[in-house]
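Got your viewer open? Load the model below and follow along, one selection at a time.

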Amino acid sequence: RPASRRGGPQPEPSTYVVGLDQTLAVVYLANPIEAGTTATVEIDWTTKLPGGPNGRGHRMTQRWDNYLFQPTQWFPRLAKYDDLRGWDTQVYLGPAEFFNNFGSFDVKINVPNGWIVSGTGVLQNPEEVMTEEARARMDTVLSTDDVVTIVGEDEQKTAEGESLTWHFVADKVNDFAWATSDRFVWQTTRAIIPEKGPIPLHMVFLPERAHLFEFAAERSRHALEFYSDLWAPYPFPQLTLQDGPSAGMEYPMVINSNQGAADHEVAHEWWPMMVGTNETWYGWMDEGFNSYMNILSRAHSRGEEADLTGLGQSYGNVSGNEEEAPSMYVTNYGGNMYGFQTYRKAPLMLAMLGGLVGDDKVQDAMSDYTHAWAFKHPSPWDYMFFMSNALEMDLGWFWYYWLFTTESVDGSITDVNARMNGATVTVHQDGQMPSPIVLEVEFVDGGEPFRTEWPVSVWFEGDKTFKAELAFAGREPSKITLDPDGRFPDRDPSDNVWEKPE
């Protein structure tokens, strides 16, 4: 408080709040909270759940009339204090998502009799809210891969009582979401998590929407088990798929999804629910990594090897679009190409990285990163340094071009002096992003192709042309291709191929 102009005793400092009618409120403390101590914030609040027959807005439509409620972003929360820039006060603007603290939630939800409640955490009082038959069915879930109907369409939904209080507890989670309806069908199966064993996988949905959940258990189970093996074991004690107006959004232990987005939303249990990335600033560390995971999962579910051919190269078709923001630009303000910046560019980046070191090494390093940063809040710089160290390669140039610019490779084969036993191939690099020189040679005799490469450092002195000397005894080349796997972003791949004249 300013000193009194008349002198005399100064008023005692007081705690006050501004912005209580806004999205963001600030509490000014009379006395600072000392390091190593704790403070308690008590808030009386109410919320109105948006929705109804004409509700619109992703994540902001939270009910269907008065028979299904799906609350998210429904309670006041403390902002995240980040060591990069202090309090993170980015507000929710629509597309970009959230940056939350990890903590423990102890939540009691009181609803009328007959309303089933699902949510983040483990139900603490099933004997008080579930029927005896439903509890008996639940006891069989972890011993079978079958989908068990816990509460059917025409059955008594809950225990007796005018109203019931459902009690959930969750530890080390960064949010709490829930759903309730007096029409829910409740089905449960299991997923078997490495190092943990079986956990329950619940689904609650309206009976008329059962067709949207026909394959939901199968896809969610595969995602839980596959990603547990790929990155790190699923850390939570259960997962629930909740039906409702939001059919593509993730929360700890809860996904608002049917089978359509099940694989993608389950993957979010790793980021940001396990590795607490800042989605409002760096959405590529969340949605982008997720999109890469989904490519691997889809292939695995079909019994195939993931094919990343052409992914990295495809960025050449996008680079140069003036509407594209670099990945490191604040996701909340990503503009018209938010979807590409946030969801689609990181898989192309990781495909090129796989072209440099091998896809298996990239995925092993990502797994190590997941373990190292579980339940912490890594920055992009933490990720870049970790991956460079894990892959034992100076990747500063790589991260710079992919994350801080919108530049691409523009390589071409401009001349070939082919002869029996060898060839001199002139490669030109006209883009700002460098890349290794990978050449594949096919032969007139139709035998096994020959592949060779030179490191990216051949461009580091500023040269734009490189003469690659190839030797192959007793064979005549018929075709030479630059970047045969399509891993490096190229504006015009058509000039990457030389063919022997007729």
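**A tour from loop to core**

Start by selecting Glu-392, which sits in the loop that links α9 (380-390) to α10 (396-404). Keep in mind as you go that this is a predicted model. Show the surface and Glu-392 should be easy to pick out: it counts as exposed because its relative accessible area is 75%, and the cut-off for exposed is over 50%.

Now draw a distance from Glu-392 to Val-18, C-alpha to C-alpha. You'll get 50 Å in space, for a pair 374 residues apart in sequence.

**At Val-18**

Stay here and add Tyr-16, Leu-24, Val-26 and Tyr-28 to the Val-18 selection: together these five make a nonpolar surface patch of about 380 Å². Colour by element, and you'll see that β1 (16-18) and β2 (26-28) each give two or more residues to the nonpolar patch. Leu-24 lies in the loop between β1 and β2. Is Leu-24 buried, exposed or something in between? Its relative accessible area is 34%, so Leu-24 is partly exposed.

**Back past α10**

Next, pick Ser-408, in the loop between α10 and β18 (411-419). This one is buried, at a relative accessible area of 1%. Which side chain makes a polar contact with that of Ser-408? Turn on Ser-319: the two side chains are joined by a polar contact of 3.4 Å. Then expand the selection around Ser-408. Leaving out residues up to four places away in sequence, Ser-408 touches Tyr-315, Gly-316, Ser-319, Gly-431, Gln-432, Met-433, Pro-489 and Arg-491.

**Into the core**

Hide the surface and select Trp-166, Trp-270, Trp-284, Leu-353, Tyr-383, Phe-398 and Trp-399. In the largest nonpolar core, which has 108 residues, these touch the most other members. Helix α7 (residues 338-357) gives this core its largest share, 10 residues. Zoom in on Phe-398: setting aside neighbours within four places in sequence, its contacts are Met-349, Met-352, Leu-353 and Leu-356. Another core lies apart from the largest one; it has 19 residues, including Val-416, Ala-423, Trp-454 and Trp-498.

**Zoom out**

Finally, reset the view and show the cartoon. You're looking at 10 helices and 24 strands, with C-alpha atoms that fill a box of roughly 90 × 80 × 45 Å along the principal axes. Of the 502 residues, 52% are buried. Among contacts between residues at least 6 apart in sequence, 69% join residues at least 24 apart. Switch the surface back on for the last stop: the protein exposes about 24000 Å², with carbon and sulfur atoms supplying 48% of it.

Terms used
Residues are numbered from 1 along each chain as its sequence is written. This is a predicted model: local features need pLDDT of at least 70, side-chain atom pairs count only at pLDDT 80 or more; totals for chains, interfaces and linings use all residues. Side-chain values use heavy atoms; hydrogens and water are left out. A nonpolar core is a set of buried Ala, Val, Leu, Ile, Met, Phe, Trp, Tyr and Cys residues joined through side-chain atoms within 4.5 Å. Buried means under 20% relative accessible area, exposed over 50%, partly exposed in between (1.4 Å probe, protein chains only). Helices (H or I, at least four residues) and strands (E, at least two) are DSSP runs, numbered from the N terminus. Contact means heavy atoms within 4.5 Å. Patches are made of residues with over 30% relative accessible area and no salt bridge: like charges are joined within 9 Å, nonpolar side chains (Val, Leu, Ile, Met, Phe, Trp, Tyr) within 5 Å. Accessible areas come from the Shrake-Rupley method with a 1.4 Å probe; for residues, only the protein chains shown count as cover. A salt bridge is a side-chain nitrogen of Lys or Arg within 4 Å of a carboxyl oxygen of Asp or Glu. A polar contact is a pair of N or O atoms within 3.5 Å; within protein, one must be able to donate a hydrogen and the other to accept it, and residues adjacent in sequence count only if both atoms are side-chain atoms.
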